[in-house]
Amino acid sequence: MNYLGSSRIVRFHRLVAIVIIVAISGYGQNLESGSHEAASAESENDHERARDEWFLRGRTVPGKSAAELRHRAYQSKMQARAARAQRARVDHPEAQPPQSNGGWVPLGPVPLASDATGDGFQNYNQVSGRATAVAIDPADPSGNTVYIGGAQGGVWKSTNGANLTANSVTWAPLTDDQATLSIGAIAIQPGNTNPANSLVVVGTGEADNSADSYFGLGMLVSANAGGSWTLVSTANSGSLSFPGLGATQIAFSSANTNTVVAAMSVANEGFVSGAYTSNTYPGLYTSTDAGQTWNYDALNSGGAAEATSATSVVYNAAAGLFFAAVQYQGFYSSPDGLNWTRLANQPGTPGLLSTAACPQNYLYTCPIYRGEIAVVPGRNEMYVWFVSADSNGNPVDQGIWQSLKSGVTWTQVNDSGIANCGDFDGCGVEQGFYNLELLAVANGTTATDLYAGAINLYKCSITVQNPTCATTAFMNLTHVYGCDPLGALAHVHPDQHTLAYTIPTSGVDYGADLMYFANDGGIYRALNGFTGLATGSCSGTNQFDDLNQNLGPMTQFVAFSLAATNPNIILGGTQDNGSPTSAAATTSTSWGNVLGGDGGYNAIDPVTGDFFASNPDTGFGSLAIQECSSGVDCNDSLFNVVISSSSLSGDDGAFYFPYLLDSQSNSTLLVGTCRVWSGPRSGGTFTLLSPNFDTLGTGTCSGTEVNTVRALAAGGATNVSGSEVIYATTDGPGPNDLTTPIGGNVWVTTDASAMSGGSSTFTNVTLNGPGAASINPNQFPISDVAIDTSDPTGNTAYVTVMGFTGGPGHVWQTTSAGGSWIDFTGSSPNNLPDSPTNAVVVDPVAHIVYVGTDVGVFESSTSFPPVWSEVGPYPTQVGAFGFLPDVAVTGLALFNSGGQKLLRASTYGRGIWQFNLLATPDFEIAISNTPLTVFAGYTGTLDRTLTALNGYNNSVALSCIAGTTSPPGSLHAEFCKPYPHSPGSGIFSYRGYERRC
């Protein structure tokens, strides 16, 4: 029983006439430890390809499924955790080992303020992170029970989603311990009337054509409303594999509720990552036993060889048919989910999706890349919206179409209001591969409210007077890049991923159109779409509610920084949600935002407290590092560009380019492009220290080089500019593109000085591995580097290698500044899982090295050989509370000041977490009436209060220590027998008696 923060009064009885002063000891601690418009449009536009390359390069292996390889790494981690738990049970048979540090604790952001302008110009209210799926439980007639999925945030559930006070809506994570937290679709079996027994099917893997989240591992199925899960990873009796695919939509039949169809996709990134293997096929999968087993639907005579992605599936109850959209093929229907027929009359302009244009042996020229389908419940009324790709790979709107006859005939719906949405940016389907959604809501007996989601949300009320939206066009409900301030009528984040609605038949929202919207900012709501979403005018107001107050963290962090002496100050950079900051990290999970747009690398000056932040470098001279002296009160207008491409002779760097405040200088900043630069933090003249790591000359960096700098570290001896020892690691193409120039290198100088002509003190030390071999033969990105400052020379350092190497080579140690290397990955059973390793930090006092991987954080002594173990609570059982959610770790940092030593980790989908490296109290005991005098024949009572601390929730074993004096004369006292106690289970029992000799 959890009694977090509660207390117990513990009473002891004595029958002897002595003064009682009892010392109680307990075991409950763990042994292990520009202009608004221009800036907003540019910063908020997604740069999917550049970000995809950054994320994918270290996560691909030719001919193998990256998702399956990651699953093996996860299983390896769980096996090691189980073995550690077994050792704990042997070493500590009592309920809790002797010490505990409370495990990993989330620091947020929950919520994250979206507005970084300082004047409210671009305010989407509070956000949480990219939400990709939403499903309302039909078993709850009030509409309160709703499930959502995050791109890498897992599944969350609310049981009060319709609460009239939006900030009172609460969420609970359901899948943090599952093998993947990448979610694409959620569906709930109809016909159930008890929300506690709801059967939930979750399609893992996000298929929104964005590779900055992992592809999935299959279907998570729960028969108890998310209380427990079963992962179904294969189909066709095990002959086909789900890992590598992403779910786009899942639909149950309402006629036979055990029949469910899943639309599965392999987007462009799937081909890159090798997910499209011999037994992994995209398309439609059907289960006739409510998700327990699945079978692939081979739509064409070519079977799996002709498989393409399915992007949508629905069940039209009035027609008694499933309908599905299939990439490069068209639209299909099925009466049972098992037998599919291509629609004889396809939507679109005549002949667009004809069999000649879209034959069974599909052509990439078939003009349907992504299609969405919506059905009006209770009516044979259906809508589709689809896009194709032009010769340059850009989305082309092929229109919205209506069918009132089970897909036999189609009528075009006018979507000019979407194409010409009234904003300076974000109209039409310019990101139609990434965000395209459709929802049809019955409004009365004949009218329909049709919602379209792209960058914006749009609505058209289809009536007898407006049957095709030609009379009254689609309204732009959000104007995310329009109005003044932006999005003023709605304050809804851009990039819509899924929509859902219900008409509650009970509860506070009875009879209304209760709607939920999932987008890049998280989850939003409308309590009544009929009356509350009624205008497209910037002078009006649409009644959207933000439900992100208590959701998450689900933020996708790229990097973060800590203040040197204040544990409460953190600054981060995130995908699509700016540069968040907190001034109260240890006491509040609520964060602000200091710089808008995609966030990148950042730093906090340990002397001045100034914030340094950046947006991604998109090339053509767009590199910029900005400084603000107002700390957590910074905003867009207070940041000033201090270092730009022009400061670096025109250089551009990687999409996320690194820079470093030299800890041994009060003024020096290092920047990595495809070269290393040193100069003043306040801006000015920068000095070139290294060659171009691609050409080995002095040529300007465009940012498209293979060897753009991925990480920097500085230390060792000093000169007038700062550290003389500098490590620079570079990106790499991975084994898919082993061409010249060779990527994924480590460069070192022990005498940092300016380039002289074509000469540099930097040396490529990558080939100094055992036997003079490369430490990175597969050319994965060398993701991070950390110097062990317990060696004052700076010669001792660690580098991390991304990719699935097959086992060895994820961490390398040098004690000679790269003159030689030791593989520090370890050997079984003490090795790291074979997973991309993304971050490294060294505790020079405790002599421990920590690494962050795609499957968690691990630690080892710096002594060789390494013995790696997962950072987390000492496990008395597998899956115990306190472990990090199963999500990629992008950064690590140590805070060590004022008697506190904290390990912090940023994740790509679950925010920032903290692990206390110093053992902290789990409970405290207060005695209110001691000393106590008791006379013979009387009963005395000592009142003691046992209070849980730091989230402790486990048993306590109490014992007593004898006092300094013996009982008088003939009396013998026996009391305070050790008694293990589970919090909340009852009163502590102790006994004493009088014995005369």
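Okay, let me start with a cysteine pair: the link of C421 and C427 is left-handed, with -75 degrees about the S-S bond. Keep in mind that this is a predicted model. So what sits behind that link? C421 and C427 form a disulfide, and their sulfur atoms are 1.9 Å apart. If that word is new to you, a disulfide is a covalent bond between the sulfur atoms of two cysteines.

Now, is C421 buried or exposed? C421 counts as buried because its relative accessibility is 5%, and buried means under 20% relative accessible area. Its partner goes the same way: C427 has a relative accessible area of 15%, so C427 is buried too.

How many disulfides does a search of the whole structure find? The answer is six. I'll show you two others besides the one we just saw.

Next up, C460 and C469. A disulfide joins these two, with 1.9 Å from S to S. Which hand does this link have? The link of C460 and C469 is left-handed, with -115 degrees about the S-S bond. As for where they sit, C460 is buried and C469 is buried as well.

Then there's C358 with C366. Here the sulfur atoms of the disulfide are 2.1 Å apart. Turn to the twist about the S-S bond, and you get 90 degrees, which makes the link of C358 and C366 right-handed. Both C358 and C366 are buried.

Right, let's leave the cysteines and look at a sheet. Four strands make up this open sheet, and if you walk across, the order is β11-β12-β13-β14. The pairing is antiparallel. Which strands are at the edges? Those are β11, residues 183–188, and β14, residues 230–232, and each of them pairs on one side only. On average, neighbouring strands of this sheet are turned by 20 degrees against each other, ignoring direction.

Let's zoom in on the middle of that order. Strand β12 covers residues 200–204 and strand β13 covers residues 219–222. How many bridges join β12 to β13? There are four, and the two strands run antiparallel. If you want a spot to find on your screen, go to G203: standing opposite G203 is M219 in β13.

To recap, then: a search of the whole structure gives six disulfides, among them the left-handed link of C421 and C427 where we began. And away from the cysteines, we have an open sheet of four strands with antiparallel pairing. That's it from me, thanks for listening!

Note on methods: Residues numbered from 1 in each chain as written. Predicted model: local features only at pLDDT ≥ 70, side-chain atom pairs only at ≥ 80, totals over all residues. Heavy atoms only, no water. Pairing = 2+ DSSP bridges. Axes fitted to C-alpha atoms, helices over the stretch in contact; angles between N-to-C directions. Disulfide = S-S within 2.5 Å. Buried < 20%, exposed > 50% of the residue type's maximum accessible area, 1.4 Å probe, protein only.
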